[in-house]
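I opened this notebook to keep track of what I looked up, one topic at a time. The entries follow the order in which I went through the model.

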Amino acid sequence: MIDQLGDLLGQLNALRARAIAELEPITTSSELDEWDTRYLGRNRGELKALSSVMPKLSKEERPVVGQKINAVKAALERELAAKREALHQRELTQALEQERIDVTLPGRALPEGHMHPISRIIQDVTKIFVEMGFHAVQGLEVETDYYNFQALNIPADHPARDMQDTFWVNPGQILLRTHTSPMQVRTMKQMRPPVRVVVPGKVYRNEAVDATHEAMFHQIEGLLVDEFCTMADLKGCLERFAQELFGEGRRVRFRGSYFPFTEPSAEVDIDCPLCNGEGCRICKYTGWLEILGSGMVHPKLLREVGYDPTKYRGFAFGMGVERIAMLKYGIGEIRLFSGNDLRFLRQF
Ligand code: 2NL
């Protein structure tokens, strides 16, 4: 009996030693599960198989063997738990190593687009006048003969109405606006002074297209009407504009000119911002650049919109946006702006 007991305890010790030895080289959780079933499995586990002798043992032997079985079981379960934890830690370390992110790498640059240079100029110019108290308004691109010509003191025989320069929708009645002025006329008819508006937008002329002329281009016109408004106000306003857009210290020069809708009228030059007035290719070695036309609103126009010309005065100005852009960026070909060639547009 004693021999049988000793043999049984020896088998249990051997089982424990073998199980622990087999546990050692295991590297995956599926192997570990197999090991669990083989030794600790409830149905066909080896420990279970040895326990099956229990009923054949004597009363004295049973607790000794029972305790031993429990001790071996507890030892194997401890080893199993420790191994599981070790495997888990290894897998975690491996995952962290593989999925490691180098937070010091530079970010991947997003391709960045930008506004069209003409839109940029329109925005910059509009903002400068908005900051001086002007409202930006948009007009119609299809206008009537009255608003585009008649109300602006451009009579039927005036050269500006030449059939060659105007795109007519209904000849003599409906046209594509040749300047943004019709919207200033509409604004004046809609409200009483003081009026301060800037009107940016597309205009159309049936031009012979070349490096400086296109059939569609952009204008920005400005209009101010108030009591006690003088040409000095016009000059101060435009000087401020020139310095904001072309740089601090820019000088402004007025040259007498003629427009049907202003009297007196003046062309406005700035000292060339590319050579600081020294003379260069852009200013054709004169040191000066013409940037816009301007003048005091003709009394006939004020009367036309219902304002009393003895009480109110106005000044107005107009500039070609493409021309401003060409001067500002030193570009000699107007057609580049409408060409939609990204190799050109990306340079701004
Ligand atoms: C130029 C010159 C100018 C105006 C536009 C204007 C409009 C009204 C009344 C009086 Cl409603 N004047 N506009 C005045 C002077 C010059 O434009 O060279 N533009 C590109």
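**Entry 1: Peptide bonds and backbone angles**

I began with Pro194, which sits in the loop between α7 and β5 (195-204). I keep in mind throughout that this is a predicted model. The bond that joins Pro193 to Pro194 is a cis peptide bond, with omega at about 5 degrees. I then found a cis peptide bond between Glu263 and Pro264, where omega is about -5 degrees, and I placed Pro264 in strand β8 (residues 262-271).

Next I looked up phi. For Asn153 the angle is near 65 degrees, which is a positive value in a residue other than glycine, and I located Asn153 in the loop between α6 (145-148) and β3 (168-170). For Lys284 phi is near 50 degrees, again positive in a residue other than glycine, and this residue belongs to the loop between β8 and β9. Is Lys284 buried or exposed? Its relative accessibility is 67%, so I noted Lys284 as exposed, the cut-off for that word being over 50%. I wrote these cases down because most residues other than glycine have a negative phi, and most peptide bonds are trans.

**Entry 2: The ligand and its surroundings**

I turned to the ligand and asked which residues come nearest to it. There are 17 residues around the ligand, and those that come nearest are Glu221, Phe261, Gly293, Ala316 and Gly318. In the case of Glu221, an N or O atom of the side chain is 2.7 Å from a nitrogen atom of the ligand. In the case of Gly318, a polar backbone atom is 3.3 Å from a nitrogen atom of the ligand. On its own the ligand has 490 Å² of accessible area, and the protein covers 88% of that.

I also noted which elements give two or more residues to the shell around the ligand, and they are α7 (181-190), β6 (216-226), β9 (288-297) and β10 (313-320). The most comes from β10, which gives five residues. When I sorted the shell by class, I had eight nonpolar, eight polar and one charged residues.

**Entry 3: Helices and their buried faces**

Before reading the helices I reminded myself of a general rule. An α-helix has 3.6 residues a turn, so residues three or four places apart point the same way.

I took α2 (residues 29-40) first, and its twelve residues should span 16 Å at 1.5 Å a residue, which agrees with the 16 Å between its end C-alpha atoms. Its buried residues are Leu32, Trp35, Tyr39 and Leu40. Why do I say that the buried residues of α2 line one face of the helix? Seen down the axis, they fall within an arc of 85 degrees, so they line one face. On the other side of α2 I found Glu34 and Thr37, which are exposed.

Then I read α5 (residues 117-130), a helix of 14 residues that reaches 20 Å from its first C-alpha to its last, close to the 20 Å expected. I listed its buried residues as Pro117, Ile118, Ile121, Ile122, Val125, Thr126, Ile128 and Phe129. Down the axis of α5 these buried residues fall within an arc of 165 degrees, so they line one face of the helix.

For α8 (residues 231-246), the 16 residues should span 22 Å, and the end C-alpha atoms are indeed 22 Å apart. The buried residues here are Leu234, Cys237, Leu238, Phe241, Ala242, Leu245 and Phe246. They fall within an arc of 135 degrees when α8 is seen down its axis, so they line one face of this helix.

**Entry 4: Single residues**

I looked up His218, which lies in strand β6 and is buried, with a relative accessible area of 10%. Its side chain makes a polar contact with the side chain of Glu322, at 2.7 Å.

Leu175 lies in strand β4 (residues 174-176) and is buried, with a relative accessible area of 0%. Leu175 and Tyr204 are 29 residues apart along the chain, and their C-alpha atoms are separated by 9.2 Å.

I finished with Ala14 in helix α1 (residues 2-23), which counts as partly exposed at 43% relative accessibility. How far is Ala14 from Lys328 in space? From C-alpha to C-alpha they are 94 Å apart, with their places 314 residues apart in sequence.

Definitions and conventions
Residues are numbered from 1 along each chain as its sequence is written. This is a predicted model: local features need pLDDT of at least 70, side-chain atom pairs count only at pLDDT 80 or more; totals for chains, interfaces and linings use all residues. Side-chain values use heavy atoms; hydrogens and water are left out. A residue is near a molecule or strand if one of its heavy atoms lies within 4 Å of it. A polar contact is a pair of N or O atoms within 3.5 Å; within protein, one must be able to donate a hydrogen and the other to accept it, and residues adjacent in sequence count only if both atoms are side-chain atoms. Accessible areas come from the Shrake-Rupley method with a 1.4 Å probe; for residues, only the protein chains shown count as cover. Helices (H or I, at least four residues) and strands (E, at least two) are DSSP runs, numbered from the N terminus. Ala, Val, Leu, Ile, Met, Phe, Trp, Tyr, Cys and Pro count as nonpolar, Asp, Glu, Lys and Arg as charged, and the others, Gly among them, as polar. The expected span of a helix is 1.5 Å times one less than its number of residues. Buried means under 20% relative accessible area, exposed over 50%, partly exposed in between (1.4 Å probe, protein chains only). The arc is that of the directions from the helix axis to the C-beta atoms.
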